[in-house]
Amino acid sequence: MHLSSDELIFWQYGFAKLNLTIVTTWGLMLALTFGAWLITRKLSDDIFISRWQHVLEVIVLGVKAQIEEVGLSQSRKYISFIGTLFLFIVVSNLAAVIPGYEPPTGSLSTSTALAICVFVAVPLFGIRELGVLGYLKSYLHPTPVMLPFNIISEISRTLALAIRLFGNVMSGGMIIAILLTITPLFFPVVMNVLHLLTGMVQAYIFSILATVYIAAATRGEGA
Amino acid sequence: MLIDWFTVGAQAVNFLILMWLLKRFLYKPVLDAIDGREQRLLRQMQDMQAAQAAAAQEREEFERKNAEFEQQHATLLEQATTEAQAARQQLLEAARAEAAALRAQWQEALDREQQSLSRGIATRTRQEVFAITRKTLTDLADTGLEARMVAVFIRRLQALGMVEKVQMCTPAGQKDCQVLIRSAFLLPPTEQAALTQTVQSMLPIQPSIRFETEPELLSGIELISNGHKLEWSIADYLTALEASIGDLLHTLTPPAAPTAPHPEPAHV
């Protein structure tokens, strides 16, 4: 038994390696992209559209609405980043119903990579909206005394993002694995359902926190 | 070690690639399709609103034209009614005028007939009077009417005053005197001679005397000279007789209907 899918390495050359996390991520990327291409290649702007287009529109408009509810009125600028975060984590977690599947979000490397992406994206979006000085001033908000605390907050929340996602997803998989050894008949099924719910909630929490951070950065309100 | 930094980098790159792929194949096409549909719906709604506005305008135009038509219809009806009443009044006036003209024409014809009748009666009366008088004088007094009339006329001439005689035949700047003696009957030569002698004897200058017969003359004999006229007439008697006969005729004539379009002249 292993804690992370990073430990299962298929190929390695020095520092570079090809582990299960990366391979699974590629598979998910391929599935997401292919599915999106399959449906969007026959998109119609007519009133009458296909069922799959309806599904995609519901998802995209749902994400868009969530972004706007947080306060980012120009949601089209951020939907690629936040929507991809949400969809990737959701699909990663929901795919856990497949036997033998290990979600890449259960790897601290993946959740750290996503948290780092948020960590980098927040100042980029903030600078794009407010300019470099405008964004840096937000660290002095409400008083310059708060500068160190704001910097610590910036780092700690990134760390929290990574650990929260990793801990929830990894623990869910771990609990199921342990329960399978103890009560292999009925209880793991319930836990698996609970794990799906947890995965969904975690995807929502991760993406909505990223949105809140971006919204705060683009308004100059500091960390 | 839970964190493999190569995997972290690889996953970050994978995430960026996935972000680009989903933007390319998911978000952009879907959002574009939604925007296109919204634009299409907006255009359709605008077209529909424009169509509704056009329909409302056309309806308003139709109602306005309808009201105009109703008003025009009422005006024409009123005008036609007025014209019909005017034409009716005109026809009535024309009919009344025609009736009045016919009535006047009938009255004129009646008057002419009455006058003709009166003249006939007068002529006949005179003839009868003269005939009766002549016969009476012949039978009872053994004398002629003409002779008696001439005698009476001569006596009247002789009874004229001196002033009247001088005025009768002394015109200013004239040395001769023209005397015309007219009678309803042809005077016999003896009466003409008596009259000539009487006239010549009563006038200061010698007149030229001329005799004429006028059957229509009501009077018996008249003498005309230089604008002076002396007559012995039974006109007053005949006028009284005509008045009496006229009253009798008027009494016998039935009253005419005032609005009779074609009255028949009354024949007496």
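Questions on a two-chain predicted model

Reader: In this predicted model, how many of the 5 residues of strand 1 of chain A count as buried?

Author: The model is a prediction, and strand 1 of chain A covers residues 9–13. This strand is hardly covered, and among its 5 residues the count of buried ones is 0.

Reader: Which strand is joined to strand 1 of chain A, and which residue there stands opposite A:Tyr13?

Author: Strand 1 of chain A is joined by 4 bridges to strand 2 of chain A, residues 16–19, and the two run antiparallel. The hairpin that they form has 2 residues between the strands, and A:Gly14 takes a positive phi near 65 degrees there. Within strand 2 of chain A, the residue standing opposite A:Tyr13 is A:Ala16.

Reader: What pattern of helices and strands does chain A follow along its sequence?

Author: Chain A is built with 6 helices and 2 strands, and 35% of its 223 residues count as buried. Among its contacts with a separation of 6 or more, 66% come from residues 24 or more positions apart. Read along the sequence, the pattern is β-β-α-α-α-α-α-α.

Reader: How many residues of each chain take part in the contact between chain A and chain B?

Author: On the side of chain B that touches chain A, there are 20 nonpolar, 4 polar and 4 charged residues. The contact as a whole takes 28 residues from chain B and 40 residues from chain A.

Reader: Are helix 2 of chain A and helix 1 of chain B roughly parallel or roughly perpendicular?

Author: Helix 2 of chain A, residues 51–70, packs against helix 1 of chain B, residues 5–141, with the axes 10 Å apart and at an angle of about 100 degrees. Because angles of 65 to 115 degrees are counted in one class, the two helices are described as roughly perpendicular.

Reader: Which residues of helix 1 of chain B does helix 2 of chain A meet?

Author: By class, the contact of these two helices has 7 nonpolar, no polar and 1 charged residues. From helix 2 of chain A come A:Leu56, A:Glu57 and A:Val60, and the residues they meet in helix 1 of chain B are B:Leu26, B:Tyr27, B:Val30, B:Leu31 and B:Ile34.

Reader: Which helix gives the most residues to the largest nonpolar core?

Author: The largest nonpolar core has 49 residues, and those touching the most other members include A:Tyr78, A:Ile82, B:Leu22 and B:Leu26. At least two residues of this core are supplied by each of helices 1, 2, 3, 4, 5 and 6 of chain A and by helix 1 of chain B. With 10 residues, the element that gives the most is helix 1 of chain B.

Reader: Leaving aside its neighbours within four places in sequence, which residues is B:Leu26 in contact with?

Author: B:Leu26 is among the core residues that touch the most other members, and it also takes part in the meeting with helix 2 of chain A. Beyond its neighbours within four places in sequence, its contacts are A:Ala36, A:Thr40, A:Leu56 and A:Val60.

Reader: Why does A:Leu196 count as partly exposed, and how many C-beta neighbours does it have inside 10 Å?

Author: A:Leu196 has its place in helix 6 of chain A, and it is in contact with A:Leu94, A:Ala96 and A:Val97 once neighbours within four places in sequence are left aside. A residue is buried with 20 or more such neighbours and exposed with 12 or fewer. A:Leu196 counts as partly exposed because its number of C-beta neighbours inside 10 Å is 16.

Terms used
Residues are numbered from 1 along each chain as its sequence is written. Chains are lettered from A and ligands numbered from 1 in the order in which they are written. This is a predicted model: local features need pLDDT of at least 70, side-chain atom pairs count only at pLDDT 80 or more; totals for chains, interfaces and linings use all residues. Two residues are in contact if their C-beta atoms, placed from the backbone, lie within 7 Å. Ala, Val, Leu, Ile, Met, Phe, Trp, Tyr, Cys and Pro count as nonpolar, Asp, Glu, Lys and Arg as charged, and the others, Gly among them, as polar. Axes are lines fitted to C-alpha atoms, for helices over the stretch in contact, and angles run from 0 to 180 degrees between N-to-C directions. Angles under 35 degrees count as roughly parallel, over 145 as roughly antiparallel, 65 to 115 as roughly perpendicular and the rest as oblique. Two strands pair if DSSP finds at least two bridges between them. A nonpolar core is a set of buried Ala, Val, Leu, Ile, Met, Phe, Trp, Tyr and Cys residues joined through C-beta atoms within 7 Å.
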